[in-house]
Structures are given as C-alpha cells and as structure tokens.
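I opened the notebook to go through this chain piece by piece. Below is what I looked up, in the order I got to it.

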Amino acid sequence: MNKQHKVIVIGGGLVGCASAYYLALEGWSVTLLERSSLGSGASYGNCGYVCPSHIMPLSGPGVIAKTMPKLFQRDAPLSIPARWDPQLWRWLLKFRNECREDRMNHAAEGRHALLQSSMELYRELVDAEKMKCEWTDRGLLLVYQSKSDFEGYAKTVEHLRSRYSVRIDAYPDQAVTEFEPALKDGLAGGWHFPTDAHVRPDRLVESFKQALGRQAVDLREQVEVTDIEVESGKVAGVCTSAGRFAADLYVVATGAEAPKFAKQLKMQLPIQPGKGYSLTYDHYVSPPRVPMIFEEHHVAVTPFENGFRVGSTMEFTGYDRSLNPKRLSLLKKSAVAHLKEGVPDQPTESWCGWRPMVYDGLPCIGAVPSLKNLLVAAGNGMVGLASAPATGRLIAELASGKTPHIDPEFYAPDRFRA
C-alpha cells in the first residue's frame, strides 16, 4: 500500500498505538482518533509487565471449583457483585465451557505466539525509536505464602518448561527473601521468570506518541467517535465530536468498549470489562528490585525508577468508573503482608481501569466478516501492554495483504459465529 491509502484507527491505547505505528510503516496514511488523551485507559495504570511467561489463560480444569468458594470472601481477588446482567452471565457460562484441558492448551498456544513476538518487537522498538520507558530486564517473581501452593505450581512449571521452553528458576523458603530482600521472612518460596521485563506504562505511552509523530500519524486526541456509518457492506465513515472522517480502512481498537458498536456492525465481540486497580507511590526507602505477583492474592508489585506500583484484582461491575475503596485496601493489605516495609500511608495516585476480557483468553484481531473494510484489535485482557506490538503488526499485515508473522486464526473475530 502507499500513502494514498487511508486508514482510521479508533482508540489510542497501546494496542491502537501499535496498530497505527505498524500501519504507518507499511505505507498507510494513518489517522488515530482517541476520545480522551493517548493511553488514558487501561494502558495508563497497569503494572507494566512485558511477560511472555503469561502463557496460560485464566480458564483451565478445576478453575471454577477453586474460584467459586472465594467469590463469597470479603478479600477475594475476584469480585462479581450480584446484579441483572444477562451479557455477563452468558460470558461466564462460556468461560465455564473453556475450562477444559484442550481449550486451555489451544488458548495457550495462541497467547504464547503473541507474547513471544511482542517481546522481540518491543526490543526492536525500544532500540529503533529510542523509547525512554524505563525498560528493565529483571524478570518476574511469583511469590507464595503457602508451601502447598508453591509446590503445587511445580506442575505448571514443568508444563511451561517442556512445552514452551520457558526458563523458570525456583527459590524455596528463605531463598526467595535472599533473592528479593524487600520481602518478609517466612514465605514459602517463589518462582522466577528471568526472561520477562517491565516498563513504566505512562512513559511507554509517551514514547509511542513520539514514535507516531515521527511516522507522520495524524493523532487526534479529545475526539470521540459517536457513530459508524455503514453502506453496502462497508464502513463509509465515522461521525465524531470533531466532525466526520472517512478512509479506505477502519480499525476498532477501543479495548473493553469495543462491543459498543458491535450490534450496529453485525459482529459478535464477547468482551467484558474486568476492572483492575492500582496504587502508585513515588517514594520508598527500600523498594523491591524485581517485579512480583503475590499469587494467593493475585496482587502485583512493580518497581519504577522513582517509586513503585501495587496493582491488580478483578471486579466485574460493568462499565463503572468509580474507585472502590475496599478493592484498593486489598492491594495495600497484600503488600503489607509480603513486604518488610509495607507501603507508605498515602499513595501518590489511586487508579482503576477496564481490562478487555474475552472468555477464551484470546484477543480479537482481524477482519469483521460482515464488513469489507473493518478490522478489530481488542480483547487483549490482562496482557494488553505485553501483547500490543504483535497485535499491531498483525493488523498491519492483514490490512496490507502480507503473510502474517503469526497464525491469525487463533484470534479471528469470526470464531464467535459458531
């Protein structure tokens, strides 16, 4: 394609930014429309993990039996408040059907390809675009309080090692505290993934913004798409708060809000907003050296050059933007339980955002069957930052008629028609 071929990318999160970047590299004339400021949604307040280790999906054998009793605990990592929401109930039913070994392994294959590719592409991007995003190669540490849970993860470790050649190092008992001195004594142990990395998400977004400028992407912030015009099986244009825009091709990369236009566009996008939280602290006497996940609580900690972030938990409350103090307190409680110095009394910032969750653990990347000139790049779940580059490159390849660098069938939106 050449510069005369125009594409509009709707959504300025990291997936939208990566899509715009790689489309521009392929010679497309790109306009990126973002309702707020670039990366202001889930791309902003997450924990910044570039984690090829996150191969396994949330679904799997025994997950329902293990999770259901915890839903009724006050401090459960997963919260699903009772309410009338048939779409969520259908999503949960579909999720239950994915909790089989064959479906789990299928999702894992697709996630592995996307995450491995993204790690390679990130390294190229950081070098080529001189991204100042606090890229750090210290791996990721899974920390356990329970000896049985620590030892129980060994089965997954063996699976990841044998099937995907993932390097994983064990630090049992006191060895985990010797490896990461910020941890309290008396923990059961930890599993370290040394090939993972982390960034500071807001710095990554800013670096992408600069890279898009160098690629002559027309970036329009504070522009909300209010309607998508469809004529004769094609998208004819988009109506926005800043007027009408038209192009040859359109990409919907609006994360958890991608289903907003699904009915109008006659496509199925089973994406639910899984609200996550984070607390950011600018000052800490002895911050952790290595990013960590406290596995029993599913709470993550990421060190930055100045300060650190505590984040995670999952809350299915629909499209609710409010900060729930109880969920924030769970983050702080978990950090206090694991870190020698706990956390400061007051965070610099408290945040929540919607993760775009698909029940089968795979994103939606590709053409919409009902429309000739529309692609979707959404539903990357809890690995949106980690999988953004490969998602964007795949979108650019599909748009340009190039041979995809990874198998697109894993992520095809038409898989939901059956």
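Bookkeeping first: I take helices (H or I, at least four residues) and strands (E, at least two) as DSSP runs, numbered from the N terminus. I am working on a predicted model, where local features need pLDDT of at least 70 and side-chain atom pairs count only at pLDDT 80 or more, while totals for chains, interfaces and linings use all residues. Residues are numbered from 1 along each chain as its sequence is written, and side-chain values use heavy atoms, with hydrogens and water left out.

**Entry: strand β17**

I started with Thr313, which sits in strand β17 (residues 308–315). Its phi is positive, about 70 degrees, although Thr313 is not a glycine. For accessibility I call a residue buried under 20% relative accessible area, exposed over 50% and partly exposed in between (1.4 Å probe, protein chains only). Thr313 is buried at 4%.

Val310 lies in β17 too, and I get 1% for it, so it is buried. I listed its contacts (heavy atoms within 4.5 Å), skipping neighbours within four places in sequence; among them are Tyr277, Leu279, Tyr281, Val299, Val301, Leu331 and Val343. I also checked a C-alpha distance: Val310 to Ile293 is 9.5 Å, with the two positions 17 residues apart along the chain.

**Entry: another positive phi**

Lys130 also turned up with a positive phi, about 50 degrees, and it is not a glycine. I found Lys130 in the loop between α5 (101–128) and β5 (140–144). Buried or exposed, this Lys130? It is exposed, at 62% relative accessible area.

**Entry: β19, β20 and α11**

Next I looked at strand pairing, which needs at least two DSSP bridges between two strands. β19 (residues 364–367) and β20 (residues 374–378) run antiparallel and are joined by four bridges. A hairpin of six residues links β19 to β20, and Ile365 has Ala377 in β20 as its bridge partner.

Both of those residues showed up again when I pulled Thr391: leaving out residues up to four places away in sequence, it touches Val15, Leu114, Ile365, Ala377 and Asn380. Thr391 is in helix α11 (residues 384–400) and is buried, with 0% relative accessibility. Its side chain reaches the backbone oxygen of Ser387 at 2.8 Å. I count that kind of thing as a polar contact: a pair of N or O atoms within 3.5 Å, where within protein one must be able to donate a hydrogen and the other to accept it, and residues adjacent in sequence count only if both atoms are side-chain atoms.

Tyr411 comes in the segment after α11, and it is buried at 0%. Beyond four places in sequence, its contacts include Leu114, Cys364, Ile365 and Leu394. Its C-alpha is 29 Å from that of Pro291, 120 residues away along the chain.

**Entry: Asp196**

Asp196 is in the loop between β7 (189–193) and β8 (197–198). It is buried yet has no salt bridge; the nearest side chain of opposite charge is Arg123, 8.3 Å away. For charge I take Lys and Arg as positive and Asp and Glu as negative, with His and the chain ends not counted. What does the Asp196 side chain make a polar contact with? I got the side chain of Ser53, at 2.5 Å.

**Entry: salt bridges**

My rule is a side-chain nitrogen of Lys or Arg within 4 Å of a carboxyl oxygen of Asp or Glu, and it gives 20 salt bridges. Arg200 pairs with Asp202 at 3.1 Å; Arg200 is buried at 10%, whereas Asp202 is partly exposed at 24%. I also noted Glu224 with Lys260 at 3.8 Å, N to O. Glu224 is in the loop between β9 (218–220) and β10 (225–231) and Lys260 in the loop between β13 (249–252) and β14 (271–281), so this pair ties together parts 36 residues apart in sequence. Lys275, Glu315 and Asp320 are joined into one network by salt bridges that share partners.

**Entry: cysteines**

Last, I looked for disulfides, meaning cysteine sulfur pairs within 2.5 Å, and the count is zero. For Cys99, the nearest cysteine sulfur is that of Cys364, 18 Å away. Why is Cys352 without a bond? Its closest cysteine sulfur, in Cys47, is 14 Å off, which is too far.
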